[in-house]
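Thanks for sharing this one. Here are a few friendly notes to read alongside the model.

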Amino acid sequence: MSDFQRLPSLESPSKPPGPGRGHLRTLSNLSSDGLMEPDLGCPSQQQLSILPSSHPRDLSHHVGDIEEDAPDPTQTQPRPRSSWRHKFSHPQSFERRAIGRGEAGLRRHWCFVWVSQHAWVVVAIVFLGLVLCAAVPGIQLLLDANAKKSPPAPAASADAAAPPAVALMVVGDWGREGGENQTHCAAAMAAMATKLRIELDTVTRANGSNKGGGYLGVVSTGDNFYPDGIVSLANFSAFHRSFLDVYTAPSMANLTWHAVMGNHDYHGDVNAQVSRQLAQLAAVGNGSRWDALTGGYREFSGAGGRTGRASTVAGSEVGASAGVLGICFVDTNPWVAHYRAHPKKYNMSRLVNGVGKGDGAAAGLWAAWETAELAALERCLHASNATWRIVVGHHPILSYSKHHGSQPELSGVREVIERLGAVAYLNGHDHNLQHVMAAARVAAPGSAAPSAVHYITSGAGSQVRDDVDGSMADAAVAGERAGSLKFAHGTTPGFVVLRATHGVLRITFHSTPTGALLHTEVIPRAGQ
């Protein structure tokens with residue numbers, strides 16, 4: 001019987017062939033007498049049938065090879081060598097030993113074969129990693145060198161993040177004895193005042209000043225006491241109920257309010273509201289919390305507080321030193337034709353004697369008054385040496401509100417503001433917050449080109465109106481409205497904050513109840 005025919009009868013009845021053991025190379029486990037080792041399993045007839053029919057070698061040749069390689073049990077065999085050189089020089093014997101060790105041996109064998117065949121890939125990966133490790137520091141050095149060569153950031157950007165030297169909260173149309181959300185807006189302003197005090201104290205620590213840091217105050221854009229202002233010095237209860245009894249938070253306790261007059265203030269006695277006697281009711285330290293005026297100039301600097309002195313609108317007493325921010329206050333009420341037509345209701349007789357409804361001489365008298373007022377505003381702006389010059393009045397020059405809107409009678413005031421380069425005009429009257437920046441008008445031949453002024457409405461100190469319509473037309477500013485409305489808010493009360501240094505003016509809009517930020521405008525100093 002041939003060896004091929006004997007093999008099926010030698011199959012172990014107790015163990016089926018293990019996976020992968022039907023390959024011809026499992027014959028290497030035959031003993032010298034041709035019997036299969038019982039503990040390794042042997043190929044079945046079905047497994048042997050998978051051999052390719054074109055195999056040129058017969059089974060006896062394989063058995064002969066195996067018998068020649070079979071170990072002699074009477075002799076001590078040397079331990080198989082496992083060095084990589086031996087594995088490459090005797091691959092068949094290495095493979096047979098791997099098969100004899102089962103699946104784990106096969107896996108190690110084929111892993112070694114793959115690595116040996118793809119060694120160049122492993123070497124290439126390692127080499128590439130070394131190259132990258134060496135190159136990264138060089139790349140970083142190159143980036144650092146380019147960064148040093150790049151131009152520095154503009155000075156205004158750095159200054160925009162710097163603590164302010166002057167901070168002013170701007171609010172209007174507020175005095176309602178705590179009603180109509182006035183107390184809510186007061187609480188938000190108190191929270192903002194606390195934050196601003198921290199910012200200004202940073203200035204104190206930075207410059208080593210012992211004078212209390214920068215200046216913090218409030219600007220009122222009018223309609224300070226509803227519904228009829230301060231009736232008289234003998235009846236100033238509204239001053240307590242709408243001012244002293246409302247803004248009582250510690251952070252607001254000693255802040256000075258610099259206030260212009262609104263149309264409701266003109267229902268009462270304006271002279272009483274701007275009087276020294278009323279200011280004394282709000283005295284704190286050597287000053288007062290109340291600084292009301294129908295026209296004049298205030299200048300503010302950094303460390304040491306306010307340095308400007310109270311002055312006339314003519315600017316004759318404007319400080320010679322260059323402060324951070326200077327404000328020219330304008331009484332816009334007498335400019336409005338409707339108020340002139342009702343002099344008794346709005347108490348205009350104190351301004352122009354002999355004016356009254358139907359009085360033919362009134363036109364000439366008002367024309368003379370207007371000329372004097374515009375000349376006074378020009379002198380104020382010319383005389384100011386402050387880095388930032390601002391004008392404050394009650395009525396809006398540019399506004400998108402439906403209820404009031406732009407006041408066409410103020411076209412002359414606008415011309416002076418833009419010609420002399422004021423950075424902003426602040427107003428109330430419309431009960432909302434707005435930021436309007438219209439395109440500069442064409443300058444008259446021979447005159448300086450008008451600047452782009454920021455028109456800021458802050459009249460949301462208590463009652464609000466959500467009546468801003470950015471698409472509406474206005475005859476007074478026809479052709480200049482497109483794209484000029486940058487921001488508007490009229491659903492909740494709010495206020496505006498000015499933060500100023502010599503390098504930048506930052507204008508922010510805030511709402512109740514927490515003083516949340518709504519809108520920001522950062523204006524760098526010209527030339528920076």
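The points below cover one strand with its neighbours, then one serine.

1. A word on the basis: this is a predicted model, in which local features need pLDDT of at least 70 and side-chain atom pairs count only at pLDDT 80 or more, while totals for chains, interfaces and linings use all residues. Residues are numbered from 1 along each chain as its sequence is written, and side-chain values use heavy atoms, with hydrogens and water left out.

2. Strand β9 spans residues 388-392, and five of its five residues are buried (under 20% relative accessible area, 1.4 Å probe, protein chains only). W388, I390 and V392 lie on one side, R389 and V391 on the other, and both faces are covered. In a regular strand, side chains alternate between the two faces of the sheet.

3. β9 pairs in the parallel sense with strand β8 (residues 325-329) over five bridges, and with strand β10 (residues 424-427) over three bridges; pairing requires at least two DSSP bridges. V392 stands opposite F329 and also opposite L426 in β10.

4. Helix α16 (residues 411-419) joins β9 and β10 in a right-handed β-α-β unit: with the strands pointing away from the viewer, the path from the first strand over the helix to the second runs clockwise.

5. Do look at S458, in strand β12 (residues 454-458). S458 counts as buried because its relative accessibility is 0%. A polar atom of its side chain lies 2.8 Å from the backbone oxygen of V170. S458 also touches residues including G172, T221, N427 and F495 (heavy atoms within 4.5 Å).

Definitions and conventions: Helices (H or I, at least four residues) and strands (E, at least two) are DSSP runs, numbered from the N terminus. Buried means under 20% relative accessible area, exposed over 50%, partly exposed in between (1.4 Å probe, protein chains only). A polar contact is a pair of N or O atoms within 3.5 Å; within protein, one must be able to donate a hydrogen and the other to accept it, and residues adjacent in sequence count only if both atoms are side-chain atoms. Lists of a residue's contacts leave out its neighbours within four places in sequence.
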